[in-house]
Structures are given as C-alpha cells and as structure tokens.
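Me: I would like to learn how to read a model like this one, feature by feature. Can we start with a single residue and work outwards?

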Amino acid sequence: MRKLISSLAAVTVAASLALTAPAVPAFAAAPTATRSGTGAPGSNAATKTLVLYDNTGPYSWLGEDYGTMATNLVSHFGSWTAHPVGAYKAGEMSAYSAVVYVGSTYDEPLPAAFLDDTLAGTKPVVWMYNNIWQLTARSADFVGRYGYTWKGYDTSPVSRIDYNGTTMTRDVRNAGGIMDYVISDPAKAVPVGTAVRADGTTFPWGIRSGNLTYLGEIPLSYITSSDRYLAFSDLLYSVLAPQTPARHRALVRIEDVGPDADPAELRAVADYLYSKKVPFTVAVYSRYRDPKGVNNNGKAEDYTLRQRPLVVSALKYMQSKGGTLIQHGYTHQLDALNNPYDGVSANDFEFFMAHVDANDAVIYDGPVKNDSALNVTARVTASRTDWLLAGLKQPTIFEFPHYAASALDYKTINTLYGVRYERGLYFPGVLSGGTVDNSTARMVGQFFPYTVRDVYGSTVIPENIGNIEPEPFNQHPAVLPADLIANAKANLAVRDGVASFFYHPYLGTGYLKQTVEGIQALGYTFVSAAAMS
C-alpha cells in the first residue's frame, strides 16, 4: 500500500509566541506595500474588503501570514485590498464594504485615524485579538456605546467552541488565551460563539455590538477540519454577505491515479458514484516512476499513460460516468530521491522537499533544488504531452502533489492554469510585496470551506474535510468514514460552505459508499468541481 502524506502542512504553531509579549521596537517593520486582488468566481463585484494586519516586532512575518489567510477568505465575497495597519489613512475604510483587522502583535502602534474611523461606526469592522484596549481608550464612552468592555485574556484550556448550535474543536496547545469580557448591556453586546473551559464553564468567544465584531482570539492557527476556524469563515457572511441563504454542497475527488492504477478499481469507483448521481473529479499524474525498483524486485520502472491503454480506457470510462480529469503533477515524485520515502510515484513530493525524522513525522524542508518557473513549466508541459499522446483532453485544473510547492511554483501554475483544487501553502513576502520567505518555519497551510481566489491569483476549489486512512501513519491516526462525516457535520455551520474530500481507489468502494451516503444524509448535494469555479 502506498505511503501517504498529511494533506495539509501544520499551521505554524509559533502563533502563540507573538500574542503575549509586547512588540520590540528595535525590529524594523516589514514592507508596507498595498496589495489588491479580485474576488473569486461568483463573488459580488460591489463587495470590497480592507484587510489590515500587524507588521512590527520580531513576529512581523506572522502578522503577514494571518493577513494572507484572512485575505484568502474574504476573496470569496469580492475584491480586497490589504496592507499593514500602520499604513492606514484617515477615511480609508469609507471605500470598502467592511474592514478585517488581525491584531497579532501586542501593543502594535495603531494609527489614531484607524481607531477614530472604527469608532465612527459607518463601516462594519471585524477585529481579532490584540489591541482592543487602544480602541476603548480612544473612546469617550466605549462601554456606554457598545455595552461591554474587555476584561483580560483567559488562558484556561479551551478545547471547544459552540457556534450557532454547532460544536467546534479548538486545539488546547493554543495557549495564547481568549479575551474575556464584562457585558453591561446585553441588548447591545451580543455574544458570538461560546468558549467552553475544561470544567464546563463558559464565556463569550466574541462580541458583536453596533458596527464592531470583536473576536477574543485569532482563529487562524492550529486549524483542523472541525475547528472554530469554520465559525470565522461563516462570520464573514454576516459582515460581507448577510442575505446569503443556506446551501450545502459536497465534492469528491479520486486521488493519485497514474499509469500504474488498476483499471478495474477505477471502473468500480465510477460505477458506484454514477449510481448515486454523484459527479466527481479524478486527479491524474501521467508518468509512473520507480527509479530504484522498490515495487519491482530492484528493477527500475518508468512508463506513461500511453503505455497503459487499459488505464486510459478506464479514465475515459470515468469521464463517461461524470468524472472530470485534473492534472496532479507529472510524476508525483522527484528524480531518484527519497522525498521523503522511496522515490516511487504517488508516494513522494514533486515540487517541494521533505524528509521523515526520527520520530516518524514528515518534515517539510523547502523548495526543490533549482526551483524555477522553467522547471515547473517543463514538468507541466511534459505531462500535457503525455495526456495528448494518450488521447486525453487537456486538463484545465491543477493539483500539487501532497499540496506542497514554493510561492514561485504557485505563481507559475497560476499562469498555466488559473484554477487549483487543493489546500495551499502560503509564505511571508507574497502579500506585503517584500522578499518571499520560503522557510518552512514561517509558512502556513490553509484549507477553505468555499471557493476563493488566493494571494497567488488562482481560483482555489476547496478540499476541506480530509480523506480515508484505514491505518495510522507518520504519527497521524487512522481516519474512517465516521470522521469525515463528523467533519462535514461541523462544516454545516458555514451557511454556504462545502464538504469536500478525496479518496484513493485502491481502498475499494466500501469506505466510499459509507462516506458519500453519510454526507448526503446530512443534507449535502454533491456537485462537480466546475460548479465551484
């Protein structure tokens, strides 16, 4: 059985480090370039969001990471502009539908103009975590106007957030705390979600009052498929698209299909999904490589789709049953390297370096040697040639093997495809316009509960609830249909969100049947990837 990689790099766990210590003035601020972007397909052209983030102190890069993640999410609703909060100009927010501020640095110097414009109350503002005390100090009567005030960070272990009737998880390693409050006027100050301590006691996760929605933490770290990140994703509807009706769609992608696939397994999967009227996607790599003969008694193997006509026939059969083929890299491995396993297609990374450490954990190392647009383009072109020679229509959607690439690779793929179907890695420097930092210590991984147009410019079709793994691996527990169904249930809290998963055909159809029908029972309707892009 193929070894597999976690489908999302862990979101930077250093997040809490930046949240409790004052900024260090000796550190220079990061670049202050203003970036703008268009909304995702189907978004409202009239909706414009201003995203502001912190960029001083030793963790300025983290502020940009959070700004990037917030920007990716708001792109679902419309166009956006993003820059450090310190560059805010008086009256700036008047040109936008709403403002999102991520307060990642304790005592970040906030411009008086930003505080005054927020207090003017003419535009909705979503404020996360730090520096709310600067806003209350700027107001002559914050408590009288908003009906509450901040109390202090509660650092009790909180592993659960209740939001609109849905229970969501929260990683207790997140030790930065959640702001607690004193509510003086419940008619004005309405709780947004409930934080549940280990002893069962509760306090508001956030507060909405007037134009201001304040969240007591930054729900962009330690995220999982059932995390309170979903509450924030839905909250953006309340601010940017409040009239959106509830709609719950689902997607399934058949993963890691190459020239070595079993045609019978592919046909069986297609037959089942067709019988349930479920459109699906098939992620295809066009060239199989086993340079060390790991699976062939020490004899190297290397062949393409054209050399496996029965596989090509099965792929065409899948298309006839509602399947859409997308490009999943070229070889889904890199040269003859152990990256991180054995150099065999579908086991290893192709556009990023990784290794397995002494604790059996997959560690991301960074971009491949000689990473370049030329290298990416050459691999894509070679794969497209394989598709052509096999008699398959050229794909229009791309998925990076194991969801990993450098910022340069993502930007290059955007010029070649413009649409990806995956989760992504994001790096400081992309949003701010500075030098891109591809270090794995400062990158973040992000999934989406709806379609976005990310900071690389690509439309990203979401995959957000994971995949079936019957056996534990690399310190990851086994994942069964019940787990994916539970993730889908949590995602119901996102009013127009999706439950999107991927599945390996060598697992047969039993797990697939349980997962598909369990998700349908929750009220989801399966749609094609094209419906999301």
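Me: Which residues is R160 in contact with, leaving aside its neighbours within four places in sequence?
Reply: A contact here means heavy atoms within 4.5 Å. This is a predicted model, so treat each contact as part of a prediction. R160 is in contact with T167, M168, R170, T194, A195 and V196. The residue sits in strand 7, which covers residues 158–163.

Me: Is R160 buried, exposed or partly exposed?
Reply: Buried is under 20% relative accessible area, exposed is over 50%, and partly exposed is in between. R160 has 34%, so it is partly exposed.

Me: How far is R160 from R228 in sequence and in space?
Reply: Read both distances together. The two are 68 residues apart in sequence and 8.0 Å apart in space, C-alpha to C-alpha.

Me: Where is R145, and how accessible is it?
Reply: R145 belongs to helix 4, residues 142–146. Its relative accessibility is 38%, so R145 also counts as partly exposed. Beyond four places in sequence, R145 touches L119, A120, G121, K188, S209 and N211. Now take a pair with R145 in it: V74 is 71 residues away in sequence and 28 Å away in space, C-alpha to C-alpha.

Me: What does a buried helix residue look like? Take L235.
Reply: L235 lies in helix 5. Its relative accessible area is 0%, so L235 is buried. Setting aside neighbours within four places, L235 is in contact with Y163, V192, R208, T213 and L215. One of these, V192, is 43 residues away in sequence. The C-alpha atoms of L235 and V192 are 8.8 Å apart.

Me: Which residues touch the most other members of the largest nonpolar core?
Reply: Think of a core as buried nonpolar residues joined through side-chain atoms. The largest one here has 75 residues, and L220 and F232 touch the most other members. Helix 5, residues 229–240, gives the most to this core, with nine residues.

Me: What does F232 touch?
Reply: Beyond four places in sequence, F232 touches L73, V126, M128, W205, L215, P219 and L220. There is also a second, separate core of 37 residues. Its members include I254, A270, I468 and L484.

Me: Now the backbone. What is the general rule for phi and for peptide bonds?
Reply: Most residues other than glycine have a negative phi, and most peptide bonds are trans. So look for the exceptions.

Me: Which peptide bond is cis, and where does its proline lie?
Reply: The bond from N339 to P340 is cis, with omega near 5°. P340 is in the loop between strand 19 (323–327) and strand 20 (352–356).

Me: What else can be read in that loop?
Reply: A346 is in the loop between strand 19 and strand 20. Is a loop residue like this buried or exposed? A346 has 0% relative accessibility, so it counts as buried. The C-alpha atoms of A346 and T440 are 22 Å apart, with the two positions 94 residues apart along the chain.

Me: What is phi for N131 and for N370?
Reply: N131 has a phi near 75°, a positive value in a residue other than glycine. N370 has a phi near 60°, again positive in a residue other than glycine.

Me: Where do they sit, and is each one buried or exposed?
Reply: N131 is in the loop between strand 5 (125–129) and helix 3 (132–138). At 0% relative accessibility, N131 is buried. N370 is in the loop between strand 21 (362–367) and helix 8 (373–389). At 60% relative accessibility, N370 is exposed.

Me: Let us step back to the whole protein. How many helices and strands are there?
Reply: There are eleven helices and 29 strands. The C-alpha trace spans about 75 × 50 × 45 Å along its principal axes.

Me: What does the radius of gyration tell us?
Reply: Compare the value with that of a compact globule. For 533 residues, the globule would have a radius of gyration near 24 Å. The protein has 23 Å, which agrees.

Me: What share of the residues is buried, and what share of the contacts is long-range in sequence?
Reply: Buried residues make up 59% of the 533. Among contacts with a separation of 6 or more, 73% join residues 24 or more positions apart.

Me: And the surface and the charges?
Reply: The protein exposes about 18,900 Å², and carbon and sulfur atoms supply 54% of it. It has 42 positive and 47 negative side chains. The centres of the two sets lie 7 Å apart.

Technical notes
Residues are numbered from 1 along each chain as its sequence is written. This is a predicted model: local features need pLDDT of at least 70, side-chain atom pairs count only at pLDDT 80 or more; totals for chains, interfaces and linings use all residues. Side-chain values use heavy atoms; hydrogens and water are left out. Helices (H or I, at least four residues) and strands (E, at least two) are DSSP runs, numbered from the N terminus. The radius of gyration is taken over C-alpha atoms; the globule rule is 2.2 Å times the number of residues to the power 0.38. Buried means under 20% relative accessible area, exposed over 50%, partly exposed in between (1.4 Å probe, protein chains only). Accessible areas come from the Shrake-Rupley method with a 1.4 Å probe; for residues, only the protein chains shown count as cover. Lys and Arg count as positive and Asp and Glu as negative; His and the chain ends are not counted. The place of a charge is taken as NZ of Lys, CZ of Arg, CG of Asp or CD of Glu. A nonpolar core is a set of buried Ala, Val, Leu, Ile, Met, Phe, Trp, Tyr and Cys residues joined through side-chain atoms within 4.5 Å.
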